[in-house]
Amino acid sequence: MDTLKTLADRKKDIQFLMKYAVPETQVEPAEALLDKYDADVIALNLLYSFYINLPEGKEDSVNGLRLLSRRQGVFLLCAFTGNGMSYLYLVDREAAHIIGTLAEGIIDRDLLDFFGYADNREVLALSRKPETLQDYEPYSADSNMCPSCHAAVGEFHTLGCPVEICPWCSGQLTYCNCRFTRLDIDAMDKVSQVEKLLELLEEAGRIPFKREHRPGYPTMDEE
Ligand SMILES: [Zn+2]
Ligand SMILES: [Zn+2]
């Protein structure tokens, strides 16, 4: 898949939706925000979800994005709007899902656990001081994130990420033949095979993301 084309297409879709969603007085900051994040699939997924669903069912726009937490390519972001609302979103490279307003925090126990919050009070404490939340930095080529699955340095990739390095041959795990030879199969088409592969990978020691693994990283700088 051509990522650049996908991002440009997504931006166009958002611009189209914005024509009907953004009040006239909010157009400028809304467009500035879209431009700021137009190379960031996470932010674009959030904006697309916002503008196609409009949480309150009436005209509004996103004019700020802040980061509460992120883990394994899953981002907990807060979107601030021209109407003075703030919404929590759960976003990965595939899609964005609204959780609710920042003032309500997070009720879902699994979600609290995933991001390491003891309880919703921790989230609500953040919601009382939204200005202390860090600005969500748009993805850039020198960021500390896997460009494909958005794992941070030191984290494991989402299984199937083309940047993950094979622990057996040091090639690209999604392209080398190790998965077939290790499982002694010709094709991978069953969930049980994927589970077995993950088990074998963990035994062999999966290789977490490092900056040097990014495609196009200057190889001359490598040790
Ligand atoms: Zn990755
Ligand atoms: Zn391999």
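What share of the 223 residues in the protein is buried? In this predicted model, buried residues make up 42% of the 223 residues. The C-alpha trace spans about 60 × 40 × 40 Å along its principal axes, and the protein exposes about 12700 Å², of which carbon and sulfur atoms supply 50%. Among the contacts with a separation of 6 or more, 51% are accounted for by residues 24 or more positions apart.

The secondary structure comprises seven helices and five strands, and these elements follow one another along the sequence in the pattern α-α-α-β-β-β-β-α-α-β-α-α. The strands belong to an open sheet of five, in which the order is β4-β3-β2-β1-β5 and the pairing is antiparallel. The edges of this sheet are formed by β4 (96-101) and β5 (134-135), each of which pairs on one side only. Helix α3 (residues 41-53) packs on the sheet and touches β1, β2, β3 (86-91) and β4, with its direction making about 125° with that of β3.

Within the sheet, strand β1 (residues 62-71) and strand β2 (residues 74-81) run antiparallel and are joined by eight bridges. Two positions illustrate the register of this pairing: L65 stands opposite A79 in β2, and S69 stands opposite L76 in β2. The two strands form a hairpin with two residues between them, and Q72, which lies in the turn, has a positive phi of about 50°. Strand β2 also runs antiparallel to β3, to which it is joined by six bridges, with C78 standing opposite L88 in β3. The hairpin of β2 and β3 has four residues between the strands, and here G84 takes a positive phi near 85°. At the other side of the order, β1 and β5 are likewise antiparallel and are joined by two bridges; the bridge partner of L67 in β5 is Q134.

The surroundings of strand β2 deserve a separate description. This strand is mostly covered, since eight of its eight residues are buried. The cover extends to both faces of β2: V74, L76, C78 and F80 are buried on one side, while F75, L77, A79 and T81 are buried on the other. Two of these residues have already appeared in the pairing with β1, where A79 lies opposite L65 and L76 lies opposite S69, and C78 has appeared in the pairing with β3, where the residue opposite is L88.

Among the helices, α5 (residues 120-128) contains S127. The relative accessibility of S127 is 16%, and the residue therefore counts as buried, given that the term applies under 20% relative accessible area. When its neighbours within four places in sequence are left aside, S127 is in contact with L102 and A103.

The model also contains zinc sites. For the zinc ion (ligand 1), the protein donors are C146 (SG), C149 (SG), H157 (ND1) and C161 (SG), which lie 2.0 to 2.4 Å from the ion. These donor residues are spaced C-x2-C-x7-H-x3-C in sequence. The four donor atoms around the zinc ion (ligand 1) subtend angles of 106 to 113°, and the arrangement is therefore tetrahedral. Of the donor residues at this site, H157 and C161 are both buried.

For the zinc ion (ligand 2), the protein donors are C166 (SG), C169 (SG), C176 (SG) and C178 (SG), at 2.2 to 2.3 Å from the ion. Along the chain, the donors of this ion follow the spacing C-x2-C-x6-C-x1-C. Why is the arrangement around the zinc ion (ligand 2) tetrahedral? The four donor atoms subtend angles of 105 to 112°, which makes the arrangement tetrahedral, because four donors count as such if all angles lie between 85 and 135 degrees. For comparison, the ideal angle at a metal with four tetrahedral donors is 109.5 degrees. As for exposure to the surface, C166 has a relative accessibility of 0% and so counts as buried, whereas C169, with a relative accessible area of 40%, is partly exposed.

Note on methods
Residues are numbered from 1 along each chain as its sequence is written. Chains are lettered from A and ligands numbered from 1 in the order in which they are written. This is a predicted model: local features need pLDDT of at least 70, side-chain atom pairs count only at pLDDT 80 or more; totals for chains, interfaces and linings use all residues. Side-chain values use heavy atoms; hydrogens and water are left out. Donors are N, O and S atoms within 2.8 Å of the metal (3.2 Å for Na, K and Ca); water is not among the atoms, so sites may look incomplete. Four donors count as tetrahedral if all angles lie between 85 and 135 degrees; four count as square planar and six as octahedral if opposite donors are over 155 degrees apart and all others between 65 and 115; anything else is irregular. Buried means under 20% relative accessible area, exposed over 50%, partly exposed in between (1.4 Å probe, protein chains only). Two strands pair if DSSP finds at least two bridges between them. Contact means heavy atoms within 4.5 Å. Axes are lines fitted to C-alpha atoms, for helices over the stretch in contact, and angles run from 0 to 180 degrees between N-to-C directions. Accessible areas come from the Shrake-Rupley method with a 1.4 Å probe; for residues, only the protein chains shown count as cover.
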